[in-house]
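Me: I am new to this structure and would like to see how its terms are justified. Please take them one at a time.

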Amino acid sequence: MALIIDGKKISSDIKEEVKTKVAALKSKGIRPCLAVIQVGKDPASTVYVGNKKKACAYTGIESRAYELPEETTQEQLLELIRRLNEDDTVHGILVQLPVPDHMDEKEIIRTISPAKDVDGFHPQSVGALSIGEPGFVSCTPAGIIQLLKRSGIEIDGKNCVVVGRSNIVGKPMAMLLLRENGTVTVCHSHTRNLREICSRADILVAAIGKPKFFDASYVKDQAVVIDVGIHRGADNKLCGDVDYEAVADKAGAITPVPGGVGPMTIAMLMSNCAESAVRMCGHE
Ligand code: NDP
């Protein structure tokens with residue numbers, strides 16, 4: 001039976017560490033603050049924003065919510081971001097995506113100061129990751145590295161296969177595994193012989209957004225399987241991109257869904273926010 005990588009426990013450990021860091025900052029008069037902007041009332045976004053506010057409350061980070069109407073113009077949103085960029089009491093700025101269709105997501109991301117880009121989506125943050133300079137890293141892949149490290153799984157020299165090349169998961173995941181000295185292959189929808197490539201992986205990261213796509217034939221004996229996908233099945237149960245029941249006996253370690261990668265994203269957002277306050281104020 002595989003080691004079940006406990007994302008609930010590891011994310012909770014990280015939030016405790018953030019809480020301690022935030023308390024130390026507060027004792028020096030620094031109050032870490034995350035500005036969370038939501039445009040419109042997309043129900044899923046409202047749930048995500050609510051979870052972020054709760055995590056802020058838990059860790060002691062102040063959350064400043066900006067709930068803007070659907071008809072907000074691009075310029076009004078950019079103006080708010082510029083104002084928050086200049087506001088020394090704000091350490092992180094997050095625009096909940098997706099934004100309404102009339103808005104330009106890329107321009108919004110570029111307008112957030114890289115110093116406050118706690119989502120790690122700004123081109124400067126992405127570039128810094130590629131060339132090994134300091135910067136914020138996208139929270140989901142950063143969380144996966146924590147899952148591996150804190151479960152005692154070595155990355156150095158391992159054959160790592162990342163399936164999916166999105167800007168928020170696949171690409172930064174590949175860069176982070178490379179930074180940890182993994183030998184990295186990135187697969188996508190044009191990849192030939194996907195099954196064969198995956199079945200050679202020591203560490204397989206599945207991030208394609210297709211429920212239960214990866215069965216045991218994609219997995220090497222004793223491989224580490226990281227399932228990024230989140231789907232709600234017809235039975236209302238959550239599942240991932242990996243067919244957990246089919247793979248769990250073959251894998252050496254595996255993340256469950258729920259309770260694997262999912263809880264790590266918000267924990268890393270909190271960690272980035274506290275780190276931003278440390279960097280901006282020059283305190284440790
Ligand atoms: P995207 O839809 O942006 O990207 C999917 C990627 O998978 C693309 O690169 C695509 O290739 C590739 N792909 C799709 N189908 C196949 C296939 N059959 N074979 C090989 N590659 C394929 O998804 P995201 O990266 O945003 O998210 C991936 C999954 O992770 C989703 O289920 C999402 O809900 C979940 N997620 C979970 C998070 C968490 O906190 N746990 C956070 C973010 C996402 P191509 O580029 O060629 O189109």
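Me: What makes helix 1 roughly perpendicular to helix 6?
Reply: In this predicted model, the axes of helix 1 (residues 7–27) and helix 6 (residues 139–150) cross at roughly 105 degrees and come within 10 Å. An angle of 65 to 115 degrees counts as roughly perpendicular, under 35 as roughly parallel, over 145 as roughly antiparallel, and the rest as oblique. Therefore helix 1 is roughly perpendicular to helix 6. The axes are lines fitted to C-alpha atoms, for helices over the stretch in contact, and the angles run from 0 to 180 degrees between N-to-C directions.

Me: Which residues of helix 1 and helix 6 meet?
Reply: Gly 7, Ile 10, Asp 13, Ile 14 and Glu 17 of helix 1 meet Gln 146, Leu 147 and Arg 150 of helix 6. Contact means heavy atoms within 4.5 Å. By class, three residues of this contact are nonpolar, two polar and three charged. Here Ala, Val, Leu, Ile, Met, Phe, Trp, Tyr, Cys and Pro count as nonpolar, Asp, Glu, Lys and Arg as charged, and the others, Gly among them, as polar.

Me: Why is helix 2 called oblique to helix 10?
Reply: Helix 2 (residues 43–59) and helix 10 (residues 262–281) pack at an angle of about 55 degrees, with their axes 10 Å apart. That angle makes helix 2 oblique to helix 10. The contact is made by Asn 51, Lys 52, Ala 55, Cys 56 and Thr 59 of helix 2 with Ile 266, Leu 269 and Met 270 of helix 10. Five of the contact residues are nonpolar, two are polar and one is charged.

Me: Which strands do helix 2 and helix 10 lie across?
Reply: Helix 2 lies across strand 2, strand 3 and strand 4, at about 170 degrees to strand 2. Helix 10 lies across strand 2 and strand 4, at about 125 degrees to strand 2. Helices (H or I, at least four residues) and strands (E, at least two) are DSSP runs, numbered from the N terminus.

Me: How do you know which strands are at the edges of the sheet with the order 3-2-4?
Reply: This open sheet of three strands has parallel pairing. Strand 3 (62–68) and strand 4 (92–95) are the edge strands, each pairing on one side only. Two strands pair if DSSP finds at least two bridges between them. Strand 2 (residues 33–39) and strand 4 have four bridges, and Leu 34 stands opposite Gly 92 in strand 4.

Me: Why do strand 1 and strand 6 each have one side without a neighbour in the sheet?
Reply: They belong to an open sheet of six strands with parallel pairing and the order 1-11-8-7-5-6. Strand 1 (3–4) and strand 6 (183–187) stand at its edges, each with a single partner strand, so one side of each has no neighbour in the sheet. Strand 5 and strand 6 pair in the parallel sense over five bridges; Val 161 has Thr 185 in strand 6 as its bridge partner.

Me: Why is strand 5 called largely enclosed?
Reply: Buried means under 20% relative accessible area, exposed over 50%, and partly exposed in between (1.4 Å probe, protein chains only). Four of the five residues of strand 5 are buried, so strand 5 is largely enclosed by the rest of the structure. Helix 7 (residues 170–179) lies across strand 5 (159–163), strand 6 and strand 7, running at about 170 degrees to strand 5.

Me: What do the numbering and the values rest on?
Reply: Residues are numbered from 1 along each chain as its sequence is written, and side-chain values use heavy atoms, with hydrogens and water left out. Local features need pLDDT of at least 70, and side-chain atom pairs count only at pLDDT 80 or more, while totals for chains, interfaces and linings use all residues.
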